[in-house]
Amino acid sequence: MLLHDAYRAKFAAKPAYMTDYNGKTILPGMPGYDPNLDAGTRGAMYYPLVGWAQLEDTQAVTPANLAKVREAYELGLIRSEAGIARGRMVNGRVLEPRALVTRAKAAKALYFMWVLAQPPKDENDRL
């Protein structure tokens, strides 16, 4: 799995985006508070909210790729996108490992990997 291999080639340890901000909600009066952002969503965890064992279609992953797909999922590099709606936190239970990857989805994954390599407070729209 290319995304997993790219992650392992770039990072010896999890970048700050994957660890430093998990579950931290910024309340009014705290530095960085923005009244235009929903404080509840900033408390969201980076790692998947649905565990690997709770996914309904992991048996569809080929045995040769199972370890890499599982690690990529547990790292949050890939997620269940089935049932996700903009503006709502929905926990998908279908990984769809045999679905075709669109050009848009591949570009999104590559951009995400680029963002992970940037400093956490840096602007990430300079492409």
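## A tour starting at the helix 1 and helix 2 crossing

Select helix 1 (residues 2–10) and helix 2 (residues 66–75): their axes come within 9 Å and cross at roughly 65°. Angles of 65 to 115 degrees count as roughly perpendicular, so helix 1 is roughly perpendicular to helix 2. The crossing of the two helices is left-handed. Keep in mind while looking that this is a predicted model.

Next, show the side chains where the two helices touch. On helix 1, pick His 4, Asp 5, Tyr 7 and Arg 8. On helix 2, the partners to display are Lys 68, Glu 71, Ala 72 and Leu 75. Colour this set by residue class: the contact of helix 1 with helix 2 divides into 3 nonpolar, 1 polar and 4 charged residues.

Now go to Asn 65, in the loop between helix 1 and helix 2. Which residue 64 positions away in sequence has its C-alpha 6.8 Å from that of Asn 65? Select Met 1 and draw the C-alpha to C-alpha distance: Met 1 and Asn 65 are 64 residues apart in sequence and 6.8 Å apart in space. Is Asn 65 buried, partly exposed or exposed? Partly exposed means a relative accessible area between the limits of 20% and 50%; Asn 65 has 32% relative accessibility, so Asn 65 counts as partly exposed.

Continue along the chain to Glu 96, in the loop between helix 2 and helix 3 (103–116). Check the backbone here: phi of Glu 96 is near 55°, a positive value in a residue other than glycine. Switch to a surface view and Glu 96 is partly exposed, with a relative accessible area of 41%.

Finally, zoom out and colour the whole protein by secondary structure. How many helices and strands are there? The protein has 3 helices and 0 strands, and from the N terminus on the order of elements is α-α-α.

With the whole chain selected, three totals are worth having at hand.

- Burial: of the 127 residues in the protein, 23% are buried.
- Surface: about 8,900 Å² is exposed, and carbon and sulfur atoms supply 57% of that area.
- Contacts: among those between residues at least 6 apart in sequence, 59% join residues at least 24 apart.

To end the tour, return to helix 1 and helix 2, whose axes come within 9 Å, and view the left-handed crossing again with Met 1 and Asn 65 also displayed, 6.8 Å apart from C-alpha to C-alpha.

Conventions:
Residues are numbered from 1 along each chain as its sequence is written. This is a predicted model: local features need pLDDT of at least 70, side-chain atom pairs count only at pLDDT 80 or more; totals for chains, interfaces and linings use all residues. Side-chain values use heavy atoms; hydrogens and water are left out. Axes are lines fitted to C-alpha atoms, for helices over the stretch in contact, and angles run from 0 to 180 degrees between N-to-C directions. Helices (H or I, at least four residues) and strands (E, at least two) are DSSP runs, numbered from the N terminus. Angles under 35 degrees count as roughly parallel, over 145 as roughly antiparallel, 65 to 115 as roughly perpendicular and the rest as oblique. A crossing is left-handed if the near helix is turned anticlockwise from the far one by less than a right angle, and right-handed if clockwise. Contact means heavy atoms within 4.5 Å. Ala, Val, Leu, Ile, Met, Phe, Trp, Tyr, Cys and Pro count as nonpolar, Asp, Glu, Lys and Arg as charged, and the others, Gly among them, as polar. Buried means under 20% relative accessible area, exposed over 50%, partly exposed in between (1.4 Å probe, protein chains only). Accessible areas come from the Shrake-Rupley method with a 1.4 Å probe; for residues, only the protein chains shown count as cover.
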